[in-house]
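Subject: Structure handover

Hello,

Here is the structure for your next round of work. Please look it over first; my notes follow below.

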Amino acid sequence: MRRPFFRTFYRRLSDSQPFFDTQTSRESLKQCKLKFLRNCSEADVCTISEVANLKRDIYDVAIIGAGASGATLARELTRRGTSVVLIEAGGKPETLGRFNAAMKWYDRSPVLSLPLRSKEGVIIWRVFVDGGGTLVSCANGVRSLEKELSEYGVSLDAEFLEVEQELGISPFDEDFLSEGSKRIRAAAEKIGIRMERMPKFIHARKCVRCGLCTYGCTYGAKWSSLEYLKEAVGNGAEIINKSRAGRIVIENGTARGVTCTGPDGILEIRADRVVVAAGGIGTPVILQQSGIQSAGKRLFLDLFVTTYGVTDGYTLADGPPMTLVNRDYHADRGFILSPYINRARLARLVECGFRGFPPDERSLVGIMTKIRDDEIGEVHPDGSVSKAVTDSDREKLSEGIALSKQIVRTMGVKEKDIFISRVQGAHPGGTAAIGEVVDNNLETEAKNLYVCDASVLPRAPGLPPILTLVALAKRLGKHLSR
Ligand SMILES: Cc1cc2nc3c(=O)[nH]c(=O)nc-3n(C[C@H](O)[C@H](O)[C@H](O)COP(=O)(O)OP(=O)(O)OC[C@H]3O[C@@H](n4cnc5c(N)ncnc54)[C@H](O)[C@@H]3O)c2cc1C
């Protein structure tokens with residue numbers, strides 16, 4: 001008889017015994033040619049429909065996480081004939097363009113469905129779904145950290161050119177700017193703040209200006225790494241969805257595979273090389289559980305706040321978010337400004353409290369201040385996060401808020417109609433940094449164990465990181481194929 005899913009799942013998750021000495025299910029082995037190890041009785045044996053299709057005993061490369069970096073790497077490797085299996089904690093996105101569906105992808109508390117927070121109260125937005133953060137991105141595509149990475153001997157010139165071409169990066173179409181964006185630009189320029197059009201990975205031809213990019217694009221206008229994932233699968237990559245990687249199997253200092261837990265129990269998948277691409281928070285947990293204790297430190301989030309203004313009838317909601325940007329303060333002051341609103345009242349309730357709930361999105365503008373925050377956070381082996389806002393972070397945020405308020409006031413918004421969100425972050429990274437946890441080929445102290453995601457970034461970019469991450473994954477793809 002099959003155990004109720006939750007009982008089995010949680011019992012195994014909380015099981016502190018190593019998986020390796022456990023009873024093998026011969027039936028399952030026959031079915032899927034996997035090394036399928038169990039720590040439960042025959043009564044627990046359940047069907048393994050999802051993994052039954054796996055074709056190999058040993059893969060060339062196992063990739064943990066099918067997000068921005070993992071999906072890119074899978075595509076690069078399979079194009080060169082490498083056999084790849086992806087282990088992804090999330091599922092396939094079934095509905096795109098809907099707030100309620102998109103919220104289900106986020107890392108949330110089980111009862112109140114509130115987003116993950118650091119122990120100090122910073123809101124952290126991260127998703128579990130095929131495509132990872134690219135699915136919910138605002139499609140901002142800018143180069144970042146070129147200089148910092150080159151100091152570690154990592155040059156991404158060729159890869160940046162490749163990715164910019166493939167993603168069709170170009171400044172957002174002038175004709176598609178929302179009324180709110182145009183008014184923000186005019187007001188900013190009046191007080192000497194330049195707003196340029198944001199480089200985007202949106203095909204203008206397909207975009208209908210619904211402005212729902214962050215719920216997953218329904219029209220195929222916004223690039224997401226689902227496109228790369230699809231190509232990788234077409235080239236033979238296999239995906240195990242809804243399975244959470246636990247620890248890397250390391251034998252004599254060399255990675256040999258990975259264990260993961262999903263609806264069907266605990267699997268051990270063997271591979272010649274293992275790449276952890278579970279994002280800035282997921283990756284250090286796996287590394288620490290695998291004995292790499294140096295991981296988990298130096299967490300950054302690219303902290304941000306939004307300065308909202310209630311208008312007399314114009315909005316940012318009739319176009320994509322963040323279509324303009326001011327980067328003039330980035331190098332010296334460590335922040336950028338960009339027009340942005342959270343359209344859903346519930347999301348504003350979370351980020352602003354009760355003040356954020358009543359305004360109608362059709363009369364709302366906002367300016368995001370995103371900073372290069374101090375890399376002082378920590379991800380602990382149990383997945384909890386410590387991340388405080390330092391004095392220096394507060395200074396940058398305050399400077400951005402002051403400028404944003406000036407712009408909004410210049411637009412004619414009254415003081416009483418201006419409100420500010422809580423501090424939050426959506427770019428976790430730095431927790432397995434180059435030079436600290438991985439070398440400049442992204443390999444860890446364990447041979448054949450690599451990291452490929454925002455964890456490896458040596459500094460907070462304070463800018464959208466997807467382009468850099470895709471470029472890094474392309475570079476690793478070339479390295480592993482040599
Ligand atoms: C709302 C929002 C908007 C954003 N907009 C932009 C933007 O416009 N431009 C930009 O450059 N950046 C943007 N970002 C940031 C960007 O999405 C992330 O920085 C980027 O996706 C990080 O890539 P990654 O490969 O490190 O991780 P992710 O893309 O997060 O991928 C990690 C994957 O690993 C999976 N995973 C995690 N743990 C495990 C585990 N234990 N086992 C198996 N799988 C696991 C996750 O489900 C996920 O699919 C945005 C982020 C958010 C939240």
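Helices here are DSSP runs of H or I with at least four residues, and strands are runs of E with at least two. On that count, the protein chain has 13 helices and 19 strands. Please keep in mind that this is a predicted model.

Overall picture. The chain has 482 residues, and 53% of them count as buried. Among contacts with a separation of 6 or more, 75% join residues 24 or more positions apart.

The ligand. Its shell holds 40 residues. G65, G67, G132, G133 and G282 are the closest. By class, 21 residues of the shell are nonpolar, 15 are polar and four are charged. Four elements each supply at least two shell residues: α3 (68-79), β8 (244-251), α9 (279-289) and α13 (466-481). The largest share, four residues, comes from α9.

Where does the ligand's shell lie relative to domain 1 and domain 2? Both domain 1 (5-93 + 224-295 + 432-481) and domain 2 (99-128 + 169-222 + 301-425) give residues to the shell, so it lies between them.

Helix α7. This helix covers residues 179-190, twelve in number. From first C-alpha to last it reaches 17 Å, close to the 16 Å expected at 1.5 Å a residue. G180, S181, R183, I184, R185, A187 and A188 are buried in α7. The buried residues of α7 pack against β12 (324-325), β13 (335-339), β14 (364-371) and α12 (391-410). G192 follows α7, with a positive phi near 85°.

Best regards

Conventions:
Residues are numbered from 1 along each chain as its sequence is written. This is a predicted model: local features need pLDDT of at least 70, side-chain atom pairs count only at pLDDT 80 or more; totals for chains, interfaces and linings use all residues. A residue is near a molecule or strand if its C-beta atom, placed from the backbone, lies within 6 Å of it. Ala, Val, Leu, Ile, Met, Phe, Trp, Tyr, Cys and Pro count as nonpolar, Asp, Glu, Lys and Arg as charged, and the others, Gly among them, as polar. Domain bounds come from an automatic or database domain assignment. The expected span of a helix is 1.5 Å times one less than its number of residues. A residue is buried if 20 or more other C-beta atoms lie within 10 Å of its own, exposed if 12 or fewer, and partly exposed in between; C-beta atoms are placed from the backbone. Two residues are in contact if their C-beta atoms, placed from the backbone, lie within 7 Å.
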